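Subject: Structure handover

Hello,

Here is the structure I said I would pass on. Please look it over before reading the notes underneath.

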Amino acid sequence: MTAQSPVVVVTGGTRGIGHGLARAFLDRGCRVALCGRTADAVREAVVRLDAPPDRLIGRPADVTDRVQLAALWEAALDSFGTVDVWINNAGAVTARRPVWELTEDEVGVVVDANLMGVTNGSAACGTWRASARTVACCPASARTAPPRAPSPT
Ligand SMILES: NC(=O)c1ccc[n+]([C@@H]2O[C@H](COP(=O)([O-])OP(=O)(O)OC[C@H]3O[C@@H](n4cnc5c(N)ncnc54)[C@H](OP(=O)(O)O)[C@@H]3O)[C@@H](O)[C@H]2O)c1
């Protein structure tokens with residue numbers, strides 16, 4: 001792989017669709033950064049993907065916390081020098097029960113991950129930082145950021 005390989009950040013890359021995305025991007029020569037909520041889950045996911053550290057990094061980050069996502073962004077930049085695509089994949093679903101049987105806490109977990117998580121992820125790779133294309137897997141927003149503004153020197 002060359003240093004020019006596209007860099008893709010996948011939130012929620014420890015399992016499910018996000019893990020499949022991470023594997024597919026690695027198979028296609030991309031460099032990948034992924035996150036999940038716990039260090040153990042991230043470590044296990046990285047081991048399963050079996051890629052060298054110059055192609056794959058994992059960091060624990062909860063998408064409901066913008067500061068943790070900013071740290072994921074910085075980790076990807078530190079490791080790879082750029083971010084080309086940021087995928088807001090991490091999300092949660094409620095148990096399949098009528099809404100009136102769900103507690104506010106159960107609904108809150110979904111809203112926090114799927115709505116605030118996407119918002120936080122898009123903020124973490126804000127328009128002034130990069131030309132990263134931002135994609136949401138959750139039923140929320142998706143957008144393409146404008147070209148990167150010059151960084152202050
Ligand atoms: N599967 C479907 O049919 C379907 C349909 C439409 C949309 N979607 C959306 O697609 C996305 C992936 O779905 P999936 O079926 O692959 O889900 P999944 O198997 O439950 O995986 C969810 C992933 O998100 C991570 N995650 C959850 N909450 C998080 C948080 N607060 N911070 C960081 N990571 C978090 C999980 O990591 P940890 O548990 O390790 O933290 C895991 O890696 C979700 O946003 C879902 O809403 C799925």
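The notes below cover confidence, the ligand shell and one helix pair.

This is a predicted model, in which local features need pLDDT of at least 70, side-chain atom pairs count only at pLDDT 80 or more, and totals for chains, interfaces and linings use all residues. Residues are numbered from 1 along each chain as its sequence is written.

The average pLDDT (the predictor's confidence in each residue, from 0 to 100) is 86 for the chain, and 80% of the residues score at least 70. In residues 138-149 the pLDDT is below 50.

Around the ligand there are 26 residues (C-beta atom, placed from the backbone, within 6 Å of it), and G12, G16, G36, R37 and G91 are the closest. By class, this shell has 10 nonpolar, 13 polar and 3 charged residues (Ala, Val, Leu, Ile, Met, Phe, Trp, Tyr, Cys and Pro are nonpolar; Asp, Glu, Lys and Arg charged; the others, Gly among them, polar).

Helices α3 (residues 66-80) and α4 (residues 104-124), both DSSP runs of H or I with at least four residues and numbered from the N terminus, pack at about 45° with axes 9 Å apart. The axes are lines fitted to C-alpha atoms over the stretch in contact, and angles run from 0 to 180 degrees between N-to-C directions.

Regards

Terms used: Helices (H or I, at least four residues) and strands (E, at least two) are DSSP runs, numbered from the N terminus. Two residues are in contact if their C-beta atoms, placed from the backbone, lie within 7 Å.
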